[in-house]
Amino acid sequence: MSIGTSREAELLHKADSTLGEGPVWDHRQQHLFWVDIEGCKLHCHQPAANENQHWEFNEMIGAVVPKADGNLLLALESGLATYDLANNNLIRHEALNNSDPMLRFNDGKCDLNGNFWIGTMHKAFVPGTGNLYRVSPDYKTTLQIRGTTISNGMAWSPDNALFYYIDSPTYNLFGYDFDVATSEISNPKTLFNIPRSYGSADGMTIDKEGMLWIAHWGGGCVRRWDPVSGKVLQTVLVDAPHVTSCCFGGEDLNMLYITTAKSGLNDQESKAAPLSGGLFCIKTEVSGFPVSYFKGK
């Protein structure tokens with residue numbers, strides 16, 4: 001399997017996150033939002049001012065996505081909530097309410113119709129105990145994929161005909177037909193298998209050429225994959241072993257922002273990789289797509 005060319009990402013913010021995850025670029029505000037799931041924090045990086053902010057919560061945050069109304073949708077451990085940054089106000093919704101202390105949310109994104117896709121997982125990684133859900137703008141929730149373990153890496157092809165999905169412990173990239181009219185997925189298939197020596201597949205994003213940028217937990221990098229051939233076209237090295245996710249941002253959507261984690265490292269590994277938990281970035285030769293906003297109130 002080809003490994004392609006290799007470059008190295010730069011540290012942007014030494015956030016020291018326990019489990020940095022789910023970066024999303026809000027192109028209206030020109031801000032990057034991301035979460036520290038196990039640290040119960042919401043982060044914001046503002047490139048123009050070179051400023052970093054964070055907000056602390058009393059429960060885990062599995063994902064954040066910007067809303068069409070200017071607020072943020074959070075997948076809190078207890079369920080979905082809207083966060084009004086301007087007024088520091090949290091509004092809880094009657095959607096995906098969770099009372100199981102061993103269950104949390106992991107990785108979420110919006111499709112072009114403004115639906116929110118979010119996975120659940122067991123905190124002890126019990127196989128097959130999670131699900132992937134779709135939440136419509138009226139907060140109606142439908143089960144999309146049953147019996148997952150660690151939901152990760154959702155992306156839609158440039159023509160929105162395919163939905164890409166990762167369940168990390170499988171070491172596979174899955175593809176589903178995506179119906180734009182109904183936002184339904186069907187006909188699951190395995191597109192390619194990832195060698196275990198590469199590290200497991202975590203979060204991912206897609207560029208305008210239809211190539212997938214996949215973060216590799218335990219692999220210390222983001223790899224650019226061709227979903228058709230299953231070949232690696234480029235490798236972005238990251239100075240942290242547990243690379244969790246990535247997204248395109250910046251004015252021209254050609255800055256790849258990369259999150260990392262300290263979680264899962266022992267003391268010796270943590271000392272050897274002191275930048276783990278930081279936010280990294282690299283300018284790419286290709287650009288990504290603007291984020292789709294959640295259309296719910």
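Author: In what follows, Ala, Val, Leu, Ile, Met, Phe, Trp, Tyr, Cys and Pro count as nonpolar, Asp, Glu, Lys and Arg count as charged, and the others, Gly among them, count as polar. The model discussed here is predicted.

Reader: How many residues of the lining of the second largest pocket are charged?

Author: The second largest pocket has a volume of about 260 Å³ and a lining of 16 residues. Asp202, one of those nearest its centre, belongs to the charged class because Asp is counted there. The lining divides into seven nonpolar residues and five polar ones, and the number of charged residues is four.

Reader: Which strand gives the most residues to the lining of the second largest pocket?

Author: Besides Asp202, the residues nearest the centre of this pocket are Met121, Phe125, Ile150 and Trp217. Two elements, S11 and S19, each give two or more residues to its lining. With three residues, the strand that gives the most is S19.

Reader: What is the volume of the largest pocket?

Author: The lining of this pocket comprises 29 residues, with Cys110, Phe289, Pro290, Val291 and Ser292 nearest the centre. Among the strands that supply at least two of the lining residues are S3 (20-26), S11 (103-110) and S23 (243-249). By class, the lining holds 18 nonpolar, eight polar and three charged residues. The space in the largest pocket is about 570 Å³.

Reader: Which strand gives the most residues to the largest nonpolar core?

Author: In soluble globular proteins, nonpolar side chains tend to be buried together. The largest nonpolar core here has 19 residues, and Phe33, Leu42, Phe57, Ile61, Val64 and Leu74 have the most contacts inside it. Strands S4 (31-36), S5 (41-46), S7 (61-66), S8 (72-76) and S9 (79-84) each supply at least two of its residues. The strand that gives the most, with three residues, is S8.

Reader: Is Glu77 buried or exposed?

Author: Glu77 sits in the loop between S8 and S9. Among the residues that Glu77 touches are Glu59, Met60, Asn98 and Phe105. Buried means a relative accessible area under 20%. Because the value for Glu77 is 17%, this residue is buried.

Reader: Which residue's side chain is joined to that of Glu77 by a polar contact of 2.4 Å?

Author: Beyond four places in sequence, the contacts of Glu77 include Pro101, Leu103, Arg104 and Lys123. The polar contact of 2.4 Å joins the side chain of Glu77 to that of Lys123.

Reader: Where does a polar atom of the side chain of Arg223 lie 3.0 Å from a backbone oxygen, and to which residue does that oxygen belong?

Author: Arg223 is located in strand S21 (residues 221-225) and counts as buried because its relative accessibility is 12%. Its contacts beyond four places in sequence include Tyr198, Leu212, Trp213 and Val232. The backbone oxygen lying 3.0 Å from a polar atom of the Arg223 side chain is that of Tyr198.

Reader: What distance separates the C-alpha atoms of Arg223 and Ser200?

Author: Arg223 and Ser200 are 23 residues apart along the chain. Their C-alpha atoms are separated by 11 Å.

Reader: Ser183 and Gln30 each have a phi near 60 degrees; which of the two is buried?

Author: Most residues other than glycine have a negative phi. Gln30, in the loop between S3 and S4, is partly exposed because its relative accessibility is 26%. The other residue lies in the loop between S17 (172-179) and S18 (184-193). With a relative accessible area of 4%, the buried residue is Ser183.

Technical notes: Residues numbered from 1 in each chain as written. Predicted model: local features only at pLDDT ≥ 70, side-chain atom pairs only at ≥ 80, totals over all residues. Heavy atoms only, no water. Core = buried A, V, L, I, M, F, W, Y, C linked by side-chain atoms within 4.5 Å. Buried < 20%, exposed > 50% of the residue type's maximum accessible area, 1.4 Å probe, protein only. Helix = DSSP H or I, 4+ residues; strand = E, 2+ residues; numbered from the N terminus. Contact = heavy atoms within 4.5 Å. Polar contact = N/O pair within 3.5 Å; in protein donor to acceptor, adjacent residues only side chain to side chain. 1 Å grid on protein atoms, 1.4 Å probe; cavity = no way out; pocket = protein on both sides within 12 Å on 5 of 7 lines; lining within 4 Å. Points joined across faces, edges and corners; volume = space filled by probe spheres on them.
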